[in-house]
Amino acid sequence: MSSTISHDIAGTILLIGASRGLGHAMAAELLKRGWNVVGTKRPVEGRTELHDLADENPGRIEVETVDICEPEQIAALRARLSGRVFDILFVNAGTANANPNETIAEVSTEEFIRVMVTNALGPMRTIEALQDLVPADGLIGVMSSGQGSIANNTNGGFEVYRGSKSALNQYMRSYAARHASEPRALVLMAPGWIRTALGGPNAPLSMEEAIPSIVEVLLTKRGRPGLEYLDRMGKTVPW
């Protein structure tokens with residue numbers, strides 16, 4: 001069945017980082033397509049847009065809590081979800097250093113660690129901890145960035161953020177190599193420059209323009225084994 005899954009068949013997604021921004025918009029789009037969502041927020045957040053979405057869609061959204069920068073919280077989430085099965089696990093996480101224009105030599109050690117743990121280490125720890133909740137014909141994905149592409153980096157800039165996403169891509173390549181014999185689909189998503197809190201007001205893409213395409217690519221990837229690094233149009237991004 002692994003190569004014949006129809007992306008039109010709805011299921012349940014475990015969406016890490018769904019309280020706002022891209023994650024929240026993805027949850028809303030998946031609901032429109034008939035999916036059920038278990039979405040997470042961070043403990044420091046109170047009531048979020050995800051709670052509003054849950055109220056508007058009774059029985060179709062569950063709100064969980066985890067900070068993926070804290071290993072014990074990832075373990076606690078795994079324990080709470082024991083016995084559950086998710087067709088898709090998608091980790092949506094991303095942050096930037098306070099001054100995105102500073103070079104790698106200028107960033108403080110503390111800020112470098114914060115960005116790397118949030119963008120690379122935390123997502124990989126989450127995938128490793130939750131992978132067994134996804135069946136062999138399921139999909140595991142993570143939000144990367146086109147700025148993680150080394151081949152496409154011809155202009156420089158945003159050095160700390162770029163490096164963290166390149167690290168994430170490398171770690172997912174290693175993960176895929178370790179699981180090469182398994183039929184599970186794996187994806188690194190490069191969503192494009194979108195107007196969010198992270199992307200800023202000058203980004204060329206709105207949520208309404210970008211999110212349906214991102215979700216379509218994610219669902220189409222189901223049943224296609226192995227790791228791909230894809231943009232929102234489903235095109236391969238060079239490593």
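Where is Arg-47 found? The legends below answer this and then tour some close-up views of the predicted model.

**Figure 1. Arg-47 sits in a loop between a strand and a helix.** Welcome to the first view, which centres on the loop that joins strand 2 and helix 2, where Arg-47 is found. With a relative accessible area of 55%, Arg-47 is exposed, because anything over 50% falls in that class. Setting aside neighbours within four places in sequence, Arg-47 is in contact with Asp-52 and Asp-55. Ser-19 is 28 residues away from Arg-47 in sequence, yet their C-alpha atoms lie 8.9 Å apart in space.

**Figure 2. An open sheet of 7 strands pairs in the parallel sense.** Reading across the sheet, the strand order is 3-2-1-4-5-6-7. Strand 3 (61-65) and strand 7 (226-231) are the edge strands, each pairing on one side only. On average, neighbouring strands in this sheet are turned by 20 degrees against each other, with direction ignored. As a friendly reminder, strands of a sheet pair through backbone hydrogen bonds, either parallel or antiparallel.

**Figure 3. Strand 6 is largely enclosed by the rest of the structure.** This view follows residues 185-190, and 6 of the 6 residues of strand 6 are buried. Ala-185, Val-187 and Met-189 point one way from the strand, Leu-186, Leu-188 and Ala-190 point the other way, and all are buried. Strand 6 pairs with strand 5 (residues 139-143) in the parallel sense over 5 bridges, and Leu-139 stands opposite Ala-185. Strand 6 also pairs in the parallel sense with strand 7, here over 6 bridges. In strand 7, Leu-227 is the bridge partner of Leu-186.

**Figure 4. Ile-88 in strand 4 is buried.** Is Ile-88 buried or exposed? Its relative accessibility is 0%, so Ile-88 counts as buried. Leaving out residues up to four places away in sequence, Ile-88 touches Thr-12, Ile-13, Leu-14, Trp-35, Leu-139, Leu-219 and Arg-222. One of these contacts, Leu-219, is 131 residues from Ile-88 along the chain, and their C-alpha atoms are separated by 9.0 Å.

**Figure 5. Helix 1 and helix 2 lie across strands.** Let us turn to the helices. Helix 1 (residues 21-32) lies across strand 1 (12-16), strand 2 (36-41), strand 3, strand 4 (88-91) and strand 5. The angle between helix 1 and strand 1 is about 170 degrees. Helix 2 (residues 49-56) lies across strand 2 and strand 3, and runs at about 155 degrees to strand 3.

**Figure 6. Helix 3 and helix 4 make a right-handed crossing.** Two packed helices are described by the angle between their axes and the distance between the axes. How do these values look for the last pair in our tour? The axes of helix 3 (residues 71-80) and helix 4 (residues 109-130) come within 10 Å and cross at roughly 30 degrees. Helix 3 is therefore roughly parallel to helix 4, as angles under 35 degrees are classed that way. In the contact, Pro-71, Ile-74, Leu-77 and Arg-78 of helix 3 meet Gly-122, Arg-125, Thr-126, Ala-129 and Leu-130 of helix 4. By class, the contact residues divide into 5 nonpolar, 2 polar and 2 charged.

Conventions: Residues numbered from 1 in each chain as written. Predicted model: local features only at pLDDT ≥ 70, side-chain atom pairs only at ≥ 80, totals over all residues. Heavy atoms only, no water. Axes fitted to C-alpha atoms, helices over the stretch in contact; angles between N-to-C directions. Helix = DSSP H or I, 4+ residues; strand = E, 2+ residues; numbered from the N terminus. Parallel < 35°, antiparallel > 145°, perpendicular 65-115°, else oblique. Left-handed = near helix turned anticlockwise from the far one by under 90°. Contact = heavy atoms within 4.5 Å. Nonpolar A, V, L, I, M, F, W, Y, C, P; charged D, E, K, R; others polar. Buried < 20%, exposed > 50% of the residue type's maximum accessible area, 1.4 Å probe, protein only. Pairing = 2+ DSSP bridges.
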